[in-house]
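Hi,

Here is the structure I said I would pass on. Have a look at it first, and my notes on what turned up are underneath.

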Amino acid sequence: MLPSRRRPKTAPSTDRPFERVWRLVRRIPRGRVATYGQLSDLVGRRLTPIGVGWAIRAAPEDSLPWHRVVNGRGGISTDNESPGLQRALLEGEGVRFGKDGRIDLDRHGWKPRQR
DNA sequence: GGTCTGACTAGGT
DNA sequence: AACCTAGCCAGAC
């Protein structure tokens, strides 16, 4: 790590936390889901889980499979924005929801192979 | 530059 | 199981 005094003020865009989150989200395969906390860990906690949500919302529309990101209990956190949409998109990929409206993360959770 | 804001989470009651 | 709370931190203004 460079001493902070010598680090460029603006990191290259590929290293910015938002970009890192976006790249990760694009790696989530169809029919699998990741959680905000998991993505936060994967970016080295440079964003908190709530920051991850913000990063995803800030992405250009239709640039990410944003619907594959759910909260840590397998629940949908976007129903204030677009009620029912995320669940419908996931069901369209074969993701099953329990009676409680939650996804079984053991069954559908994304387990990145590397990085 | 300080302040505010979340598509969250873990831990407590 | 259903609340409550503090903590988290990059970006917007």
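**The pocket, then the chain**

The largest pocket comes out at a volume of about 620 Å³. Please keep in mind that this is a predicted model.

Which residues should you click on to find the middle of that pocket? Ile-56, Arg-57, Trp-66, Thr-78 and Glu-81 lie nearest the centre, out of 21 residues that line the pocket. Sorted by class, that lining has eleven nonpolar residues, along with six polar and four charged ones.

As for where the lining comes from, helix 3 (49–58) and helix 4 (85–91) each put in at least two residues. Helix 3 gives the largest share, with six residues.

Now for the chain as a whole. Chain A has five helices and two strands, and going along the sequence they appear in the pattern α-β-α-α-β-α-α.

How much of chain A is buried? Of its 115 residues, 35% are buried. The accessible surface of chain A adds up to about 7,900 Å², and carbon and sulfur atoms account for 48% of that.

One last item, on contacts: take those in chain A between residues at least 6 apart in sequence, and 60% of them join residues at least 24 apart.

If you only have a minute, start with helix 3, since you'll find six of the pocket's lining residues there.

Cheers

Definitions and conventions. Residues are numbered from 1 along each chain as its sequence is written. Chains are lettered from A and ligands numbered from 1 in the order in which they are written. This is a predicted model: local features need pLDDT of at least 70, side-chain atom pairs count only at pLDDT 80 or more; totals for chains, interfaces and linings use all residues. Side-chain values use heavy atoms; hydrogens and water are left out. On a 1 Å grid over the protein atoms alone, a cavity is a set of points where a 1.4 Å probe fits but cannot get out, and a pocket is an open set with protein on both sides within 12 Å along at least five of seven lines; lining residues have an atom within 4 Å of a point. Grid points are joined across faces, edges and corners, and a volume is the space filled by probe spheres set on the points. Helices (H or I, at least four residues) and strands (E, at least two) are DSSP runs, numbered from the N terminus. Ala, Val, Leu, Ile, Met, Phe, Trp, Tyr, Cys and Pro count as nonpolar, Asp, Glu, Lys and Arg as charged, and the others, Gly among them, as polar. Buried means under 20% relative accessible area, exposed over 50%, partly exposed in between (1.4 Å probe, protein chains only). Contact means heavy atoms within 4.5 Å. Accessible areas come from the Shrake-Rupley method with a 1.4 Å probe; for residues, only the protein chains shown count as cover.
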